[in-house]
Amino acid sequence: MRRARIAVLVSGGGTNLQALLDAQAAGTLASGEIVLVVSNREGAYALERARRAGVEAAVLTKASCGSQAAFEAALADLLDARGIDLIILAGFLSILGAGFTGRYPGRILNVHPSLIPSFCGAGFYGLKVHRAALDYGVKVTGATVHFVNEIPDGGRILAQKAVDVLPDDTPETLQRRVMEQAEWVLLPQAAEEVSRRLMEQEEAQA
């Protein structure tokens, strides 16, 4: 059985990308292979992580394309040209429209740093999520891996993992613990599960 070809979309440092690359190197992500990393920001450190791992890295920005629609069309062309089976959003700070997500039903994953449906949707990303959790006073937060559709953080949930909120937490300490205890665990597991399922489906239809 062949391995699913995975593209990871990033905007920043790429810690979740690194978790995926580490899982691939360790053999726990065995049914899929990361073959492309695309950043919508010039100079994102995630691109350096990709290059160090020997993975093709590309930059595609809305500004260079001229519009969101043109950006999404160019992104789809790139993904299709590389024969991508599974798309993973790993700190990708651009909301993808229905025209794009509809092309890849059940083939786009995202990791979000809260227990959806809490602290999610448009405007909730990065430290904003953890600041909101602390402001609300929740005692437990976590991370969610979900399929992506046209609604921000609105696709079917695939996996969740809870993380305790500590009395002296800051948004920064909470963000780090959620990444270490939940995001970096869940995302590689979900990538393996979906990759295996996609390849089994392909084999069954052959």
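H1 and H2 are roughly parallel to each other, because their axes cross at roughly 15°, and an angle under 35 degrees counts as roughly parallel. This is a predicted model. Two other helix pairs, H6 with H7 and H1 with H7, are also described below, followed by the largest pocket, with a volume of about 820 Å³, and the loop between S5 and H6, where Pro 117 lies.

**H1 and H2**

- Helix H2 covers residues 45-52, and its axis comes within 9 Å of that of H1.
- The crossing of this pair is right-handed.
- On the H1 side, the contact is made by Thr 15, Leu 17, Gln 18 and Leu 21, which meet Ala 46, Arg 49 and Ala 50 of H2.
- Sorted by class, the residues of the H1 contact with H2 are four nonpolar, two polar and one charged.

**H1 and H7**

- H1 and H7 pack with their axes 9 Å apart, at an angle of about 55°.
- The two helices are therefore oblique to each other.
- The H1–H7 crossing is right-handed.
- Thr 15, Asn 16, Ala 19, Leu 20 and Ala 23 of H1 are in contact with Met 179, Glu 183, Trp 184, Leu 187, Pro 188 and Ala 191 of H7.
- Eight nonpolar, two polar and one charged residues make up the contact of H1 with H7.
- Thr 15 belongs both to the H1 contact with H2 and to the H1 contact with H7.

**H6 and H7**

- Helix H6 (residues 127-136) packs against H7 at an angle of about 110°, and the axes are 9 Å apart.
- That angle makes H6 roughly perpendicular to H7, because angles of 65 to 115 degrees fall in that class.
- The crossing of H6 and H7 is right-handed.
- From H6, the residues Leu 127, His 130, Arg 131 and Leu 134 meet Pro 171, Glu 172, Leu 174, Gln 175 and Val 178 of H7.
- The contact of H6 with H7 holds five nonpolar, two polar and two charged residues.

**Largest pocket**

- The volume of the largest pocket is about 820 Å³.
- Its lining is formed by 36 residues, and those nearest the centre are Gly 91, Phe 92, Leu 93, Tyr 125 and Gly 126.
- Helix H1 (15-26), strand S5 (108-112) and helix H7 (171-205) are the elements that give two or more residues to this lining.
- By class, the lining of the largest pocket has 15 nonpolar, 17 polar and four charged residues.
- H1 and H7 therefore appear twice in this account: as elements of the pocket lining and as an oblique helix pair.

**Loop between S5 and H6**

- Most residues other than glycine have a negative phi, and most peptide bonds are trans.
- The peptide bond from Ile 116 to Pro 117 is cis, with omega near 20°.
- Pro 117 is located in the loop between S5 and H6.
- Phe 119 has a positive phi of about 50°, although this residue is not a glycine.
- Phe 119 is also found in the loop between S5 and H6.

Methods. Residues are numbered from 1 along each chain as its sequence is written. This is a predicted model: local features need pLDDT of at least 70, side-chain atom pairs count only at pLDDT 80 or more; totals for chains, interfaces and linings use all residues. Side-chain values use heavy atoms; hydrogens and water are left out. On a 1 Å grid over the protein atoms alone, a cavity is a set of points where a 1.4 Å probe fits but cannot get out, and a pocket is an open set with protein on both sides within 12 Å along at least five of seven lines; lining residues have an atom within 4 Å of a point. Grid points are joined across faces, edges and corners, and a volume is the space filled by probe spheres set on the points. Helices (H or I, at least four residues) and strands (E, at least two) are DSSP runs, numbered from the N terminus. Ala, Val, Leu, Ile, Met, Phe, Trp, Tyr, Cys and Pro count as nonpolar, Asp, Glu, Lys and Arg as charged, and the others, Gly among them, as polar. Axes are lines fitted to C-alpha atoms, for helices over the stretch in contact, and angles run from 0 to 180 degrees between N-to-C directions. Angles under 35 degrees count as roughly parallel, over 145 as roughly antiparallel, 65 to 115 as roughly perpendicular and the rest as oblique. A crossing is left-handed if the near helix is turned anticlockwise from the far one by less than a right angle, and right-handed if clockwise. Contact means heavy atoms within 4.5 Å.
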